[in-house]
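Hi,

Here is the structure I said I would pass on. Have a look at it first, then read my notes below.

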Amino acid sequence: MLKNCSFGRCDVNLLLATSCTRTIQTREGSIVKALDFNAAVASRDALAKTVYARLFDWLVDKINISVGQDPNSHVQIGVLDIYGFECFKHNR
């Protein structure tokens with residue numbers, strides 16, 4: 001979806017175009033069609049969920065590396081986020 005977009009460095013016009021339209025490839029070429037309101041909202045929500053999930057995974061990885069997590073340890077670290085309580089040992 002966002003080929004030229006790395007985290008935090010997006011071309012705003014590309015982001016808007018890919019969030020509000022869909023492209024259909026045919027033998028004759030590409031057809032760009034505007035999304036209706038509900039589809040655009042779903043596209044926005046999917047992007048937000050993906051960004052949040054990747055950022056959360058990155059954070060968990062950084063914390064695990066910094067504390068030198070031992071998979072056999074009985075000590076656990078947990079994080080409370082908007083989706084609920086996450087236990088690093090069990091979730092990641």
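Leu55, Trp58 and Leu59 together make a nonpolar surface patch of about 300 Å². One of them, Trp58, sits in helix H2. Is Trp58 buried or exposed, or something in between? Its relative accessible area is 48%, so it counts as partly exposed, because that label covers values from 20% to 50%.

Before you go further, keep in mind that this is a predicted model. The average pLDDT of the protein is 77, and 66% of the residues score at least 70. Confidence varies between the elements: strand E2 (residues 29-34) has the highest mean pLDDT, 94, while helix H3 (residues 88-91) has the lowest, 50.

Now back to helix H2, which covers residues 37-67 and also holds Ser43. With a relative accessible area of 14%, Ser43 is under the 20% cut-off, so it is buried. And what does its side chain meet? A polar atom of the Ser43 side chain lies 3.5 Å from the backbone oxygen of Ser19.

As for the whole protein, you can pick out three helices and four strands. Follow the sequence along and they come in the pattern α-β-β-α-β-β-α. Of the 92 residues, 12% are buried. The protein exposes about 7500 Å², with 59% of that coming from carbon and sulfur atoms. Finally, if you take the contacts with a separation of 6 or more, 31% of them are between residues 24 or more positions apart.

Happy browsing!

Conventions: Residues are numbered from 1 along each chain as its sequence is written. This is a predicted model: local features need pLDDT of at least 70, side-chain atom pairs count only at pLDDT 80 or more; totals for chains, interfaces and linings use all residues. Side-chain values use heavy atoms; hydrogens and water are left out. Helices (H or I, at least four residues) and strands (E, at least two) are DSSP runs, numbered from the N terminus. Buried means under 20% relative accessible area, exposed over 50%, partly exposed in between (1.4 Å probe, protein chains only). A polar contact is a pair of N or O atoms within 3.5 Å; within protein, one must be able to donate a hydrogen and the other to accept it, and residues adjacent in sequence count only if both atoms are side-chain atoms. pLDDT is the predictor's confidence in each residue, from 0 to 100. Patches are made of residues with over 30% relative accessible area and no salt bridge: like charges are joined within 9 Å, nonpolar side chains (Val, Leu, Ile, Met, Phe, Trp, Tyr) within 5 Å. Accessible areas come from the Shrake-Rupley method with a 1.4 Å probe; for residues, only the protein chains shown count as cover. A salt bridge is a side-chain nitrogen of Lys or Arg within 4 Å of a carboxyl oxygen of Asp or Glu. Contact means heavy atoms within 4.5 Å.
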